[in-house]
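Please read the report below with the sequence and the three-dimensional view open side by side. Each paragraph takes up one part of the chain, and a small table gathers the strand pairings.

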Amino acid sequence: MADGADSKVIWMDGELVPFDAAKVHVLSHSLHYGSAAFEGIRAYETKSGRTAIFRSEEHMERFRRSTRIFGSEITYSNAALTEATSALIRANGFKSCYIRPLSYIGHETRGLKLPKTPHVHVAIATWQWGKYLGDQGLQKGIKTCIASFRRPEVSSSLPWAKLSGNYLNSIMARREAALAGYDEAILLDQQGYVAEGSGENIFIVENGALLTPLPGAILPGITRDAVITLAKSLGLNVSEQPLTRNRLYEADEVFFTGTAAEVTPVTSIDGRPIGTGLPGPVTLRLANSYEAAVRGELTEFGHWLSYV
Ligand code: PPE
């Protein structure tokens with residue numbers, strides 16, 4: 001069975017629709033031009049046995065801002081979207097799952113010229129998604145390469161928005177890496193500095209401190225923000241700065257962060273082992289801390305959880 005085929009219902013414009021009936025028209029604007037925005041969120045079974053959505057407010061706010069880029073307004077409040085997601089998780093009977101909100105322009109609108117405020121449809125789906133970068137990802141780390149595809153030039157792209165059209169670039173980079181036998185790609189920006197993975201932010205560990213690229217050509221991830229916050233609470237130094245490929249090769253540790261990827265160690269780049277070639281101690285400490293936060297084990301970060 002394909003990933004995702006196991007949910008009973010999908011929320012579409014306020015209704016819970018059976019999985020097989022959750023369809024859109026082939027002339028949908030978003031299908032032709034990529035004029036859609038989406039989110040990726042996870043819900044986890046917490047230590048109390050209750051399910052909680054991780055940082056729902058921040059994800060729903062980014063969803064709203066991404067949709068606004070093409071002039072549309074989501075009419076549901078962030079709280080209403082979180083409530084709809086909770087109802088959906090309950091209806092599907094999931095303890096832990098991935099959550100995919102999507103805003104898209106339907107077939108009512110044709111051609112590139114959009115109305116001033118195009119009407120958007122809003123859908124939310126949930127499915128069970130295991131380890132995004134493989135079951136062995138956390139234990140062994142993953143193999144990456146620097147892709148020839150770069151993050152687009154910032155004056156012509158909207159990297160902070162999670163727009164469907166942006167993702168063709170990620171798909172091409174990921175495909176290039178996979179065809180060459182790597183688990184994931186690392187993309188550079190137009191100046192040649194390190195940007196991010198195809199669907200993850202990137203960090204390096206140098207002398208016990210964390211370094212990560214500045215927001216610019218990257219999607220400033222919510223997991224990236226959570227990991228920076230957790231690292232600081234553990235007393236680690238964190239700095240955002242331009243990183244070269246040279247610095248990546250010589251790092252003590254490298255890891256990815258993302259909702260789907262969580263914290264995943266990168267143990268080789270372009271065939272070169274990073275550090276010892278095994279997941280490093282700082283990466284594992286942060287992966288454990290992130291896991292504890294999403295599972296509701298860190299009371300200090302309890303405000304990140306919305307119980308279903
Ligand atoms: N950069 C990109 C390009 C990206 O797509 C993601 C999320 C991130 C960084 C990390 O952002 P955040 O999830 O807020 O920490 N990628 C999503 C899509 C995965 C997919 O294959 O689809 C995700 O992790 O949900």
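What follows is a walk through strands, helices and a few single residues of this protein.

The model shown here is a predicted one, and every value in this report was computed from it.

**Hairpins and unusual backbone angles**

A convenient place to begin is the pair of strands β1 (9-12) and β2 (15-18), with D13 in the loop between them. The two strands run antiparallel and are joined by 4 bridges, and M12 has E15 in β2 as its bridge partner. Together β1 and β2 form a hairpin with 2 residues between them. Within that turn, D13 has a positive phi of about 45°, although D13 is not a glycine. Most residues other than glycine have a negative phi. Is D13 buried, partly exposed or exposed? With a relative accessibility of 32%, D13 counts as partly exposed, because buried would require a value under 20% and exposed a value over 50%.

A second hairpin is made by β11 and β12, which again has 2 residues between the strands, and here N207 takes a positive phi near 50°. A positive phi is also found in E262, near 55°, and E262 is not a glycine either. E262 belongs to strand β15, which covers residues 262-269, and E262 is buried, with a relative accessible area of 10%.

**Strands and their partners**

The table lists strand pairs by direction, number of bridges and one pair of facing residues.

| Strand pair | Direction | Bridges | One facing pair |
|---|---|---|---|
| β1 and β2 | antiparallel | 4 bridges | M12 and E15 |
| β11 and β12 | antiparallel | 3 bridges | V205 and L210 |
| β12 and β13 | parallel | 3 bridges | L210 and V238 |
| β8 and β9 | parallel | 3 bridges | C145 and A185 |

Strand β12 (residues 209-212) appears twice in the table, since it pairs with β11 (residues 201-206) in the antiparallel sense and with β13 (residues 238-240) in the parallel sense. L210 takes part in both pairings, standing opposite V205 of β11 and opposite V238 of β13. In a regular strand the side chains alternate between the two faces of the sheet. In β12 both faces are covered, with A209 and L211 buried on one side and L210 and T212 buried on the other.

Strand β9 (residues 184-188) has 5 of its 5 residues buried, so this strand is largely enclosed by the rest of the structure. On one side of β9 lie E184, I186 and L188, on the other A185 and L187, and all of them are buried. Its parallel partner is β8 (residues 142-146), where C145 is bridged to A185 of β9.

**Two helices that cross**

Helix α2 (residues 56-68) and helix α3 (residues 78-92) have axes that come within 9 Å and cross at roughly 115°, and the crossing is right-handed. On the α2 side the contact is made by S56, E57, M60, E61, F63 and R64, and on the α3 side by N78, L81, T82 and T85. Sorted by class, this contact has 3 nonpolar, 4 polar and 3 charged residues.

**Helix α8 and one of its residues**

Does the length of helix α8 agree or disagree with what its residue count should span? The helix has 14 residues (residues 281-294), which at 1.5 Å a residue should span 20 Å, and its end C-alpha atoms are 20 Å apart, so the two agree. Among the buried residues of α8 are V282, L286, Y290 and V294. An α-helix has 3.6 residues a turn, so residues three or four places apart point the same way. After α8 comes G296, whose phi is positive, near 75°.

One residue of α8, A292, is buried with a relative accessible area of 12%. Leaving aside neighbours within four places in sequence, A292 is in contact with E297 and L298. A292 and T51 are 241 residues apart in sequence, and their C-alpha atoms are 14 Å apart in space.

**A serine in helix α5**

The last stop is S170 in helix α5 (residues 167-179), which is buried with a relative accessible area of 6%. Not counting residues up to four places away in sequence, S170 touches R151 and S198.

Note on methods: Residues numbered from 1 in each chain as written. Predicted model: local features only at pLDDT ≥ 70, side-chain atom pairs only at ≥ 80, totals over all residues. Heavy atoms only, no water. Buried < 20%, exposed > 50% of the residue type's maximum accessible area, 1.4 Å probe, protein only. Expected span 1.5 Å × (residues − 1). Contact = heavy atoms within 4.5 Å. Axes fitted to C-alpha atoms, helices over the stretch in contact; angles between N-to-C directions. Left-handed = near helix turned anticlockwise from the far one by under 90°. Nonpolar A, V, L, I, M, F, W, Y, C, P; charged D, E, K, R; others polar. Pairing = 2+ DSSP bridges.
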